[in-house]
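Me: Got a minute to walk me through this one? I'd like the domains and the ligand site.

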Amino acid sequence: MARRFRAAGRDGLAATMGKSLLLGAGHVHLHLISRCQELQVGGHEVTVVAPEVFWYSGLASGVVAGDYPPELDRIDGERLATAAGVSCLRTTATAIDSASKVVTTANGRQVGYDVCSLNVGSTSDPSLLAGQHPRLYRVKPVRLLFELCADLDIKVSAGEAPSVVVIGAGVTGTELACCFRHRLSRNGGRGRVSLVGRGGVTPELPGRARRSLERGLARMKVRFNQAGVDRLEEGRVVLDDGTELPADAVVLATGPRAPRFLRSSGLKCHDGDDAVIVDRHL
Ligand SMILES: Cc1cc2nc3c(=O)[nH]c(=O)nc-3n(C[C@H](O)[C@H](O)[C@H](O)COP(=O)(O)OP(=O)(O)OC[C@H]3O[C@@H](n4cnc5c(N)ncnc54)[C@H](O)[C@@H]3O)c2cc1C
């Protein structure tokens with residue numbers, strides 16, 4: 001049975017804690033792991049569930065552009081955890097039973113907790129698009145983008161001119177399109193990068209920033225298409241204005257969605273992106 005102690009929160013609320021389960025070793029949990037002695041001193045038992053090493057998205061664009069090697073982008077959360085005396089389960093959480101306080105993992109374990117903390121990040125959802133493409137890359141985890149980069153490098157060294165279509169022209173898609181273009185250019189300039197966005201380039205930014213980005217895209221020879229995607233097909237992306245874009249690879253930057261298991265576990269989630277609804281205590 002877990003040992004328990006009483007901890008006073010910032011607002012004076014007392015919380016009963018014992019077994020802490022951290023789902024995901026993202027930005028916040030990595031920081032928490034590095035400071036978990038403060039929890040352990042109070043008799044707290046900490047376990048983290050993390051399927052793989054952490055890939056740092058802030059550096060991902062530089063890796064895609066070819067400025068940094070992928071190895072520089074990873075943090076081994078398990079190593080950090082072990083050094084901090086935190087148990088690490090190398091698996092994925094697949095369900096949370098918040099009534100019984102049990103998390104089920106992909107390797108079939110049932111892990112009990114007193115307090116469960118979520119830092120499982122986001123993903124993009126290919127099911128929103130009609131059709132299929134054999135080389136469809138979500139932007140998260142960013143490791144997938146590095147796999148695409150390795151594939152592009154092989155094609156370029158074999159004398160091919162690969163075409164990449166980035167779907168979603170928000171800040172992530174626009175930045176990635178420029179980085180892919182940069183990578184292809186520094187490797188000989190062959191290949192083509194297209195960016196697709198129904199609402200224009202980075203509609204979330206103010207007008208001046210948007211126009212500056214549009215000029216930057218044109219300068220870099222990233223082809224921007226203001227349209228929606230009708231469907232994916234092998235070797236191409238068909239837009240709803242009839243344009244057909246050649247596509248050896250498709251990158252999905254259509255905005256973040258929370259992992260599905262959170263909603264299917266019965267947690268209250270936003271309709272649009274499945275993000276868990278939190279209160280003032282998170
Ligand atoms: C290309 C790119 C560039 C970006 N650049 C920036 C930037 O410069 N600045 C910025 O502020 N934001 C940037 N972002 C956005 C940023 O990635 C996110 O806002 C941020 O990563 C969210 O952090 P997080 O810790 O919540 O999730 P993440 O960093 O995604 O970490 C979540 C972790 O949880 C793990 N996990 C997932 N599911 C499960 C599960 N079921 N069970 C257990 N573990 C799980 C994952 O393996 C991952 O390690 C960028 C995003 C992309 C795609």
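Domains and ligand shell

Reply: Taken over C-alpha atoms, the centres of domain 1 (5-121 + 258-264) and domain 2 (126-252) are 32 Å apart. The domain bounds come from an automatic or database domain assignment. This is a predicted model: local features need pLDDT of at least 70, side-chain atom pairs count only at pLDDT 80 or more, and totals for chains, interfaces and linings use all residues. Residues are numbered from 1 along each chain as its sequence is written.

Me: How many residues does the contact take from domain 1 and from domain 2?

Reply: Eleven from domain 1 and 14 from domain 2, where contact means C-beta atoms, placed from the backbone, within 7 Å.

Me: And what gives the largest share of domain 1's side?

Reply: H3, with six residues. Helices (H or I, at least four residues) and strands (E, at least two) are DSSP runs, numbered from the N terminus. By class, that side of domain 1 has six nonpolar, four polar and one charged residues. Ala, Val, Leu, Ile, Met, Phe, Trp, Tyr, Cys and Pro count as nonpolar, Asp, Glu, Lys and Arg as charged, and the others, Gly among them, as polar.

Me: OK, ligand now. Which residues are closest?

Reply: Gly 24, Gly 26, Ser 57, Ala 93 and Gly 121 are the closest of the 28 residues that surround the ligand; a residue counts if its C-beta atom, placed from the backbone, lies within 6 Å. Helices H1 (27-34), H3 (57-65) and H6 (171-186) are the elements giving two or more residues to that shell.

Me: Which one gives the most?

Reply: H3, with four residues. The shell around the ligand splits into 16 nonpolar, ten polar and two charged residues, and draws at least three from each of domain 1 and domain 2.

Me: How do H3 and H6 sit, parallel or antiparallel?

Reply: Their axes come within 7 Å and cross at roughly 30°. Axes are lines fitted to C-alpha atoms, for helices over the stretch in contact, with angles from 0 to 180 degrees between N-to-C directions. H3 and H6 are therefore roughly parallel (angles under 35 degrees).

Me: Which residues of H3 make that contact?

Reply: Ser 61, Val 64 and Ala 65, against H6 residues including Leu 176, Phe 180 and Arg 183.

Me: Switching topic: what's the order of the three-strand sheet?

Reply: E16-E17-E18, open, with antiparallel pairing; strands pair if DSSP finds at least two bridges between them. The edge strands are E16 (229-233) and E18 (244-246).

How values were computed. Two residues are in contact if their C-beta atoms, placed from the backbone, lie within 7 Å. Angles under 35 degrees count as roughly parallel, over 145 as roughly antiparallel, 65 to 115 as roughly perpendicular and the rest as oblique.
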